[in-house]
Amino acid sequence: MKVLINAINYVKRSGISQELLFFLGFVLITVVLTFPWLLYFDRGVYGYGHPFYVIWRFWWNGFSAANGLNPGFTQFVGAPDGSAVTDLVDPVLPFLLGNLLNGIIRHPVIAYNIIVFLSFPLSGYFSFLLFRRLTGKHLISFFFALIYSFYPYHLAHLVQLSLAS
């Protein structure tokens with residue numbers, strides 16, 4: 001506890017942004033708590049079922065854009081007639097970010113894993129900002145945000161991108 005208080009005092013004296021330090025703290029805690037996952041970031045996903053649909057959607061959106069196809073309809077599902085993929089409700093922001101990442105790195109599994117990985121430090125960081133605004137205390141806000149970010153609900157629903165983000 002004293003080490004954390006000394007670190008906060010050092011940051012205040014050094015001029016480093018406290019928000020950046022807290023965000024990096026949440027990233028470090030996420031790396032530690034999900035450690036083996038980072039070793040398989042390019043070929044492994046957390047959970048089963050829904051992540052594969054999301055990864056397929058990232059791939060399909062990139063494939064259809066590269067080949068001039070309609071991204072809202074595919075013949076890969078519901079063959080031979082095909083199926084509309086726009087009738088499924090997808091979370092907008094994670095899908096936009098995932099499609100952007102997939103367009104840049106050309107690897108839908110890594111794009112999906114980046115979004116899921118970032119859900120931990122981002123939820124922790126923004127809840128820290130909220131708790132700090134409500135309480136005015138940095139340390140208490142950090143611990144509340146830590147609990148919120150790694151709450152079992154978040155861990156249990158990582159397979160559903162709309163609930164994890």
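**A colleague's note on the aromatic pairs, cores and helices**

1. A good place to start is Ser123, whose side chain makes a polar contact of 3.3 Å with the side chain of Ser149. Please keep in mind that this is a predicted model. Ser123 sits in helix α6, and a polar atom of the Ser123 side chain also lies 3.1 Å from the backbone oxygen of Phe120.

2. Is Ser123 buried or exposed? With a relative accessibility of 18%, Ser123 counts as buried, because the cut-off for buried is under 20%. Leaving aside residues up to four places away in sequence, Ser123 touches Leu118, Tyr148, Ser149 and His154.

3. Phe120, whose backbone oxygen we met beside Ser123, is itself buried, at a relative accessible area of 0%. Phe150 is buried as well, at 15%. The rings of these two residues, Phe120 and Phe150, have centres 5.1 Å apart and planes at 10°, so the pair is stacked. The pair links distant parts of the chain, with Phe120 in helix α6 (residues 108–135) and Phe150 in the loop between α7 and α8 (152–156), 30 residues apart.

4. How many aromatic pairs are there? The count comes to 18 aromatic pairs. One of them joins Phe22 and Phe142: the ring centres are 5.5 Å apart and the planes stand at 45°, so the pair is tilted. Phe22 belongs to helix α2 (residues 18–33) and Phe142 to helix α7 (residues 138–149), so this pair ties together parts that are 120 residues apart in sequence.

5. Both partners of that tilted pair are worth a look for burial. Phe22 counts as buried at 8% relative accessibility, and Phe142 counts as buried at 9%. Ring pairs also link Phe22 and Phe142 with Phe26, Phe128 and Phe143 into a cluster.

6. Now to the nonpolar cores. In soluble globular proteins, nonpolar side chains tend to be buried together. Here the largest nonpolar core has 16 residues, and Trp37, Val54, Phe58, Tyr112 and Val116 are those with the most contacts inside it. Elements giving two or more residues to this core are α4 (50–67), α5 (92–105) and α6. Which element gives the most? That is α6, with seven residues. Another core, of six residues, lies apart from this one and has Phe22, Phe26, Tyr125 and Phe142 among its members.

7. Helix α4 deserves its own point. Its 18 residues reach 25 Å from the first C-alpha to the last, close to the 26 Å expected at 1.5 Å a residue. The buried residues in α4 are Pro51, Val54, Ile55, Arg57, Phe58, Trp60, Asn61 and Ser64. An α-helix has 3.6 residues a turn, so residues three or four places apart point the same way. Following α4 comes Gly68, which has a positive phi, near 70°.

8. Last, the charged side chains. Side chains of opposite charge can pair when their charged atoms come close. How many salt bridges does a search of the whole structure find? The search finds one. Arg43 forms a salt bridge with Asp42, and the closest N and O atoms are 2.9 Å apart. Arg43 is exposed, with a relative accessible area of 56%, while Asp42 counts as partly exposed at 35%.

Note on methods
Residues numbered from 1 in each chain as written. Predicted model: local features only at pLDDT ≥ 70, side-chain atom pairs only at ≥ 80, totals over all residues. Heavy atoms only, no water. Phe/Tyr/Trp six-rings, centres within 6.5 Å; stacked < 30°, edge-to-face > 60°. Helix = DSSP H or I, 4+ residues; strand = E, 2+ residues; numbered from the N terminus. Buried < 20%, exposed > 50% of the residue type's maximum accessible area, 1.4 Å probe, protein only. Core = buried A, V, L, I, M, F, W, Y, C linked by side-chain atoms within 4.5 Å. Polar contact = N/O pair within 3.5 Å; in protein donor to acceptor, adjacent residues only side chain to side chain. Contact = heavy atoms within 4.5 Å. Expected span 1.5 Å × (residues − 1). Salt bridge = Lys/Arg side-chain N within 4 Å of Asp/Glu carboxyl O.
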